[in-house]
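Thanks for coming. I have one structure to go through today, and I will take it piece by piece, so please have it open in front of you.

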Amino acid sequence: MTAHEGDARAAEEERAVEQALALVGRQPQTGHLPPGRPGGADPASSSLTAEQGTCAGPPPDAPRPGADSPVPGSSATEAPVPGSPTPGSPTPGSPMPGSSAQEPGAPVKSAPDASASGFSSRRGNSSPPGARPASHAHRARATAWAGARALAERIGRTAPLAAHRLPLDRALGHVLAEAVVALTDLPSFDTSAMDGWVVAGPGPWSVREGMGLLAGRGSVQPLPDGHALRIATGARLPADATAVIRSEHAHCDEAKGLLHATRGVVPGQDIRPRGQECRSGDELLPVGTVVTPPVLGLAAAAGYDAVVAVPRPRVDVLVLGDELLTAGLPREGLIRDALGPMLAPWLRALGAEVSGPRRLGDDAEALRQALISSDADLILTTGGTAAGPVDHVHPVLAEIGAELLVDGVAVRPGHPMLLARLADGGPCLVGLPGNPLAAVSGLLTLAEPLVRGIAGRAAQEPYRAPVHEEVHGHPHDTRLIPVIHRGDRVVPLHYNGPAMLRGIAAADGLAVVPPGGVRSGTEVEILDLPWASAAPWTEGCFT
């Protein structure tokens, strides 16, 4: 794409966004007002920066340089990108009932009254004449995608759970809080690696009478030079043994009572010497190791009955929206809840313990009670993060004195996601948008690194892969696109609108597409899904 074509495309997108804003209309947003701060928050402390961990940033209504006209992509709807359905088109991917048709990042003081504010529908509103579009407030507050993700992980790292001792049969999936150190040599004595004959000295060897040596038996008598004795795999070797000859490589002349080797014998062959795997005191598994089935086996072999591990973070999932059905076909303006069934197993794959999703509808008081009574380490909400008449997340967080850490992220889909910390040492809350793929974006951007940090899991090593074809980007925001691996490249999938799950259901991961998009063959960062194949992309992945 030439620079001229790029400018023309950007101008065309700006015009489309302006038209969408004119149709939808906007209403100015008031900033989040912490308790005891009448008159609003100090502009210098209204937005937490990812690098400093403190509040900073321009006031919500402060214009940005060159922001005299609406910023492309900062409208309440997920802004269209080339190749995606246009606003108002009846194609799949248009906002679903129960997800916000306007997805600003700026909070509100309280739930607006529909009649007073001019809301023409559940999720839409119209601005008073001359009102400044709230897209500027969102644009000023939105945190860069990489910064938001890094901040979520850092917050998780600063809130580790107290370690406890877990029996091996309950430790699977936890993260080691103490290193596993060898309590003995492994093996702790010389053993036979094969069924066959143990011999001492050069052959042929006189066969000793008896049933031979079996695994699990006690000490054995030394084996004199020139003698052979039957031995089973895992049996302890007698002192002065030279080698083990496999049964198939030996010939026993019973008449003469002699054993002959049919192949050359090398001293030490098929013997597992004491300490071959480790010596007592060696570190076998470092702190931060995820307990997998082989980890359990190694710990048991090293003499452990229990390990010291980080508990799984406990997560509450609160599903908001009166329009959601839990069974049957969509009907009469009601739709199926796609997020409730999806989030719990996804979070479990990240190492969390998740309660069954609680469906609260559009009830501000029920949400408030659920938040103040939760004893979880993390709370996830779905929907209600915008500024519609029943979008209660921001007002309720303000009412209970929560600290808003991230209020909107410069990413598509999912930019109205948020991260807050409840008052008085309460848990963190991640507010996911109601649109399904937008919620997945919020899950990977904020919830996944937060859960990983709390659980003590190491971050996945970032990797990049070239895209198979040109990928259109958002003019200003990062874009997350479902992809599948094909050879050494990734192929973008269709059905990647904010309300769609068809693409992510077939995906191996998501490509992180920078603003403006990328040409075919350009390498982009890949976010693997927890259940994606480990090879060749993520060596040692375990979920």
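I will start with a pair of helices. Helix 6, residues 339-349, packs against helix 9, residues 436-455, at an angle of about 25 degrees, and their axes are 12 Å apart. Because angles under 35 degrees count as roughly parallel, helix 6 is roughly parallel to helix 9. The crossing of these two helices is right-handed.

Now the residues at that contact. Helix 6 contributes Leu 339, Met 342, Leu 343, Trp 346 and Leu 347. On the side of helix 9 they meet Pro 436, Ala 439, Val 440, Leu 443, Leu 444 and Val 451. Sorted by class, the contact has 11 nonpolar residues, with no polar and no charged ones.

I should say that this is a predicted model, so every value I quote is computed from it. As for the whole protein, there are 543 residues, and 49% of them count as buried. The secondary structure consists of 10 helices and 29 strands. Among contacts with a separation of 6 or more, 74% are between residues 24 or more positions apart.

Next, one of the sheets. In what order do the strands of this open sheet of 6 lie? The order is 9-6-8-7-11-10, and the pairing is mixed. At the edges are strand 9, residues 243-246, and strand 10, residues 250-253, each of which pairs on one side only. From one strand to the next, the twist averages 35 degrees.

Let me go through some of the pairings, beginning from the strand 9 edge. Strand 9 runs antiparallel to strand 6, and 4 bridges join the two. One of the residues involved is Gly 196, whose bridge partner in strand 9 is Arg 246. Strand 6, residues 196-199, also pairs with strand 8, residues 227-231, in the antiparallel sense over 4 bridges. There, Val 198 stands opposite Leu 229 of strand 8. If you are following side chains along these strands, remember that in a regular strand they alternate between the two faces of the sheet.

At the other edge, strand 10 pairs with strand 11, residues 258-261, again as an antiparallel pair with 4 bridges. Asp 253 has Leu 258 of strand 11 as its bridge partner. The two strands form a hairpin with 4 residues between them. In that turn, Gly 257 has a positive phi of about 70 degrees.

Just before strand 10 there is a histidine to look at. Where does His 249 lie? His 249 is in the loop between strand 9 and strand 10, that is, between the two edge strands of the sheet. Is His 249 buried or exposed? Its relative accessible area is 18%, and the limit for buried is under 20%, so His 249 counts as buried. Leaving aside residues up to four places away in sequence, His 249 touches His 260, Ala 261, Thr 262 and Arg 263. Of these, His 260 and Ala 261 fall within the residue range of strand 11.

Last, another loop residue. Ala 387 is in the loop between strand 20, residues 378-382, and helix 8, residues 393-399. Ala 387 is also buried, with a relative accessible area of 3%. Pro 416 is 29 residues away along the chain, and the C-alpha atoms of Ala 387 and Pro 416 are separated by 9.9 Å.

That is what I have; I can take questions now.

Note on methods:
Residues numbered from 1 in each chain as written. Predicted model: local features only at pLDDT ≥ 70, side-chain atom pairs only at ≥ 80, totals over all residues. Heavy atoms only, no water. Pairing = 2+ DSSP bridges. Axes fitted to C-alpha atoms, helices over the stretch in contact; angles between N-to-C directions. Parallel < 35°, antiparallel > 145°, perpendicular 65-115°, else oblique. Left-handed = near helix turned anticlockwise from the far one by under 90°. Contact = heavy atoms within 4.5 Å. Nonpolar A, V, L, I, M, F, W, Y, C, P; charged D, E, K, R; others polar. Buried < 20%, exposed > 50% of the residue type's maximum accessible area, 1.4 Å probe, protein only.
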